[in-house]
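Visitor: I'd like a close look at one small part of this model, plus whatever its neighbourhood leads to. Could you walk me through it?

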Amino acid sequence: MINLIDNSTSQTPSEPHIIVDDFVAPNCDGFIEILYQDDDILLINKPSGLLSLSGKNPLNWDSVHYRLVNGQKGLTAAFAEAKLPHRLDLGTSGIMIVGLNAIASKHLNKQFQARTIQKRYVAMLEGSLTVSEGQITAPIAKDRLLFPRVKICQATGKTAISEYKVLERLKHPCRTLVQFTPVTGRTHQLRIHSQFIGHPILGCDLYKSAQSEHMAGRLQLHASDLYFEHPVSGEKIHINCPHSF
């Protein structure tokens with residue numbers, strides 16, 4: 001187990017200026033792949049680089065929700081009542097579940113609130129983890145001076161727990177493929193926990209080392225597995241979507 005043992009308020013380096021929230025997402029050429037569909041839900045594979053929800057900035061209109069409601073021309077139909085009970089970060093790819101009617105969406109929301117839905121991710125980390133499996137426990141708080149970042153903070157942070165298991169150790173360059181199971185669901189949890197233990201996720205622009213961001217062309221974090229109860233039939237479902245890095 002890896003624990004936060006000091007009383008410092010932040011594990012991220014201080015910055016000389018405040019980050020302004022003027023971010024505009026680059027165009028995403030990837031498309032949403034439908035992995036499963038019935039009358040009540042969709043299971044989709046979100047491409048890296050696509051927002052889950054459209055942003056307040058009108059330039060950030062393109063998103064998973066926008067494409068589902070309006071359809072992807074020549075690829076997928078429009079789902080007018082589509083609702084997202086959870087989100088993935090812009091750079092994260094992988095499985096998302098979508099409610100297609102009010103009853104299904106309400107039931108899925110309750111499952112997420114009750115934390116009965118289990119999510120697993122795979123990530124490529126910089127360097128070689130010496131311990132093959134363990135748990136990272138380091139409380140997370142908003143960083144009001146460096147939006148949209150969060151920080152590790154003993155004083156004001158909320159409990160955050162990430163379990164990990166090494167899947168493969170790679171060389172040239174040295175890196176480690178891991179499976180993450182987040183016990184809690186804090187903003188940017190897996191990214192900052194990886195940086196906290198000294199092995200940031202490759203391609204991450206916010207939580208990084210001197211070289212980790214430039215070791216990959218995208219954030220190498222992928223939602224690979226989802227375990228949940230079908231909101232109408234009650235069937236226990238597990239779906240897996242392999243990563244592409």
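Visitor: Which residues does arginine 87 touch, not counting residues up to four places away in sequence?

Guide: Bear in mind that this is a predicted model, where local features need pLDDT of at least 70, side-chain atom pairs count only at pLDDT 80 or more, and totals for chains, interfaces and linings use all residues. Residues are numbered from 1 along each chain as its sequence is written, and side-chain values use heavy atoms, with hydrogens and water left out.

With that filter on sequence neighbours, arginine 87 touches Ser52, Leu53 and Met96 (contact means heavy atoms within 4.5 Å). Arginine 87 sits in the loop between α1 (64-70) and β4 (93-99); helices (H or I, at least four residues) and strands (E, at least two) are DSSP runs, numbered from the N terminus. At 60% relative accessibility, arginine 87 counts as exposed (buried is under 20% relative accessible area, exposed over 50%, partly exposed in between, with a 1.4 Å probe and protein chains only). Valine 64 is 23 residues away along the chain, and its C-alpha lies 9.3 Å from that of arginine 87.

Now follow β4 to α2, whose buried residues pack against β3 (41-46), β4, β5 (118-126) and β11. Helix α2 (residues 102-114) has 13 residues and runs 18 Å from its first C-alpha to its last, close to the 18 Å expected at 1.5 Å a residue (that is 1.5 Å times one less than the number of residues). The buried ones in α2 are Ala104, Ser105, Leu108, Gln111 and Phe112. They cover an arc of only 120° around the axis, so they end up on the same side of α2 (the arc is that of the directions from the helix axis to the C-beta atoms). Facing away from that buried side are the exposed residues Ala102, Ile103, Lys106, Gln113 and Ala114.

From α2, the packing leads on to β11. Strand β11 (residues 221-229) pairs with β12 in the antiparallel sense over five bridges (pairing takes at least two DSSP bridges). The two form a hairpin with six residues between them, and glycine 234 in the turn has a positive phi of about 80°. Phenylalanine 228 stands opposite isoleucine 237 in β12. Side chains alternate along β12 (residues 236-240): Ile237 and Ile239 point to one face and are buried, while Lys236, His238 and Asn240 point to the other and are not.
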